[in-house]
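Colleague: I have a new model on screen. Can we go through its charges and cysteines?

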Amino acid sequence: VIATHLTELVKNHAAEILTRGEIKHLVDNLDESSKTIVTEVLTDMLTYADLQKVLQNLLMEKVSIKDLETILEVLGDYGRKTKDTEVLTEYVRNALNRSICKDYIEDKNKIYVITLDPKMEDMITNSLQKMDDGNSLLNIDPRVLKNVVKGITTALEKLVSAGHVAPIVLCSPSIRSHISRFMRPQMPSVVVLSYNEISPGINVEAVGSAELSA
């Protein structure tokens, strides 16, 4: 029981305890065949601090970083185009879609989710504000955001009460990380997937839609 508790504790706080020294150790332990991509990414494109932020973003949402080679390859593909670690994280998640989805597959190769009402999704999308550093900020009235959280929470509670494996929100890629960020304090177990992260061959069934509460 103690071992199980400690394992869960480490999982829940993995992002906080991942140091650059540990990342250097993980990178050094990659196969010799991976050294070229390591040199390309961490010498010519990004820093260890950038890689740390991407890995922390993944761990924060309980995405495994075991496939470090794939993660580095994706960063190599997009690291010259953007230094925005939030955007890079989304590219990596897309590449890891099969491993992300496997934990949530139920009968008949299906994932059960809730979606967002088009009005809610459009409102969140239109609230994104591009910053000078290239990052996107969700600029939304706190009272409106409270209603958004309430609407999503209500829909997710119905999903969980129906006996499905996880409270999963499916939404467009541009708002996925923002929804995850403002929903986790309310519901730490929430899983937010984008349409790009559903791997081929997996069926999706939406069992509800989140709407703005009155």
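Modeller: Short questions and answers follow.

Modeller: This is a predicted model, where local features need pLDDT of at least 70, side-chain atom pairs count only at pLDDT 80 or more, and totals for chains, interfaces and linings use all residues. Residues are numbered from 1 along each chain as its sequence is written, and side-chain values use heavy atoms, with hydrogens and water left out.

Colleague: How many disulfides are there?

Modeller: A disulfide is a pair of cysteine sulfur atoms within 2.5 Å. The sulfur of Cys101 has its closest cysteine sulfur in Cys171, 13 Å away, so that is too far for a bond. The count is 0.

Colleague: Is Cys171 buried or exposed?

Modeller: Buried means under 20% relative accessible area, exposed over 50%, and partly exposed in between (1.4 Å probe, protein chains only). Cys171 has 0% relative accessibility, so Cys171 counts as buried.

Colleague: Which residue forms a salt bridge with Asp28?

Modeller: A salt bridge is a side-chain nitrogen of Lys or Arg within 4 Å of a carboxyl oxygen of Asp or Glu. Asp28 and its partner are 4 residues apart in helix H3 (residues 20-28), about one helical turn. Helices are DSSP runs (H or I, at least four residues), numbered from the N terminus. With closest N and O atoms 3.0 Å apart, the partner is Lys24.

Colleague: Which residue meets Arg176 in a salt bridge?

Modeller: The N to O distance is 2.9 Å. Arg176 lies in helix H11 (residues 173-183) and its partner in helix H7, so the pair ties together parts 86 residues apart in sequence. The partner is Glu90.

Methods: Helices (H or I, at least four residues) and strands (E, at least two) are DSSP runs, numbered from the N terminus.
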